Structures are given as C-alpha cells and as structure tokens.
Amino acid sequence: MSLSSVLGGIARTLRAEPDVETTLAAIVKSAVDHVAGAEYAGISLAENGRIHTVAPTSEVVATVDEIQNRTGQGPCLDAIAQREVFRTGKLLDKRRWPAFAPEAAETGIRSMLAYRLFITGTTLGALNLCSSQVDAFSDRTEQAGLVFASHAAIALVSAQTEAQLHLAIESRDVIGMAKGILMERHDLDAVRAFRMLVESSQTTNMKLHRSPPGSSTTAASCDWLPQL
C-alpha cells in the first residue's frame, strides 16, 4: 500500500474519533504503527510556557517530557519554539542539551523525532516519537512523519473545536434553565433574571455555566441559584 493511501486512511480514522482524548490516543498509536523506527509516542501540549504530556504509549515518554520541563531543554521544546521538526539520533551527545541529555539517556531513549503541531500559525504542542536505538530515524522517515503530523494537527484542532462547541451548547442550556427557574420563583423578567445570575457569578467567582462540585444541573436540584 502506498504512503498516500496509508495517510489517507489515518486521516479518516482520526477525524472519526468522538472526543479529544480518543483522538490523542489514536494519533500516538498510529504514529507508532506507521512511522518507521518509532517505538514510543506521545503528544506534548503547550500550556503557559510548559509542556503537558498526554496519551503517551509508554511512561518513558512522560518521563522524558518531565526532564525537558525541569531542565528547560530538549527536542520537543526546540521543535515548538524554534522549528517545525527536530530530530536527534544520539541523545548521549551533551553539546546541545547539557542538562537534559544525561538524564534523558538514563531512560534508555537514544533517538527522538519531534514535530511541532500547528494550524495557521497557532502552535498546539508537539508530536514526539522515541526509540531506544541510535539513529533510528532517517531523512525519509522524517519527511513521511511530517505529513502524518500535519494530519494529526488537523484532527486535534477539529476535536478541540467540537469539544468547545459541546461545552458552549451545554453552558447555554444550563444558563437558560437557571434563568427560567429564577423567573418562575421570583416573578422576574428575563433581563433581571440574567442580571441576577451575572451578579451571583461575580460574587461567588463561579462561571455562569458551572454549579458547585457534586451538584446536579437538573431543574430538581438548583439550590445553588442566587436567592432574593
């Protein structure tokens, strides 16, 4: 089967995943299955200047990311900050990452291939491929993986967008329900009921669409609503 056929199938599979978590898991599994030399994979999401490991196929991937976070050095950070792709076949070489390399080598990882995941200039994080073999990734592998990473970024953004849409719909429904209860309980119009919700949100420092932990958002249990 040609590479284009494989990548097309992967793209369709990733787009069909129902949520962000399963999309991430499908991305890393497909990476290990289809990128030559990859033994382990994980995704590092960029959050407030740090990276957060999600869906690693092995704990060693999370360990390597933890070392990168602690030392501020490593292939994943370089891929995100400096270039689209970063490949190394000799993690024991301390010249580029003097603090990261010795600790990372203790995990048994010798080669890493990190791809920046981005859409229209917005960096999401990085797709990281790891191997216990020296020089596990070739120029050809790097190029094939780049196409795969592009599909992965599109699938991830799509899943995140869909999740945000679901949250927005749920938030609207909860707010609408709360307004209706206040209007019925206290004979308010819609504007005043919504104003009460906003004032209560500001006073309690709680977002409008959220109720206290452990509470129900059904009409039968709305003791968290503001009282007159």
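1. A quick definition before the rings: those of Phe, Tyr and Trp (its six-membered ring) count as a pair if their centres lie within 6.5 Å, and planes over 60 degrees apart make the pair edge-to-face. By this rule, this predicted model has two aromatic pairs.

2. Take Phe86 and Trp97 to begin with. Their ring centres sit 5.3 Å apart with 65 degrees between the planes, which makes the pair edge-to-face. Phe86 belongs to strand S3 (residues 85–88), while Trp97 is in the loop between S3 and helix H5 (100–105), so this contact ties together parts that are 11 residues apart in sequence.

3. Are these two rings buried or exposed? Phe86 has 6% relative accessibility and counts as buried. Trp97, at 4%, counts as buried too; the cut-off for that label is under 20%.

4. The other pair is Trp97 with Phe100, again edge-to-face, at 6.0 Å centre to centre and 85 degrees between the planes. Both of these residues are buried. Trp97 takes part in the pair with Phe86 and in the one with Phe100, and the ring pairs link Phe86, Trp97 and Phe100 into a cluster.

5. Away from the rings, have a look at strands S1 (residues 40–47) and S2 (residues 50–54). They run antiparallel and are joined by five bridges. Glu47 stands opposite Arg50 in S2.

6. What do S1 and S2 form, and how many residues lie between them? They make a hairpin with two residues between the strands. Check Asn48 in the turn while you're there: its phi is positive, at about 55 degrees.

How values were computed. Residues numbered from 1 in each chain as written. Predicted model: local features only at pLDDT ≥ 70, side-chain atom pairs only at ≥ 80, totals over all residues. Heavy atoms only, no water. Phe/Tyr/Trp six-rings, centres within 6.5 Å; stacked < 30°, edge-to-face > 60°. Helix = DSSP H or I, 4+ residues; strand = E, 2+ residues; numbered from the N terminus. Buried < 20%, exposed > 50% of the residue type's maximum accessible area, 1.4 Å probe, protein only. Pairing = 2+ DSSP bridges.
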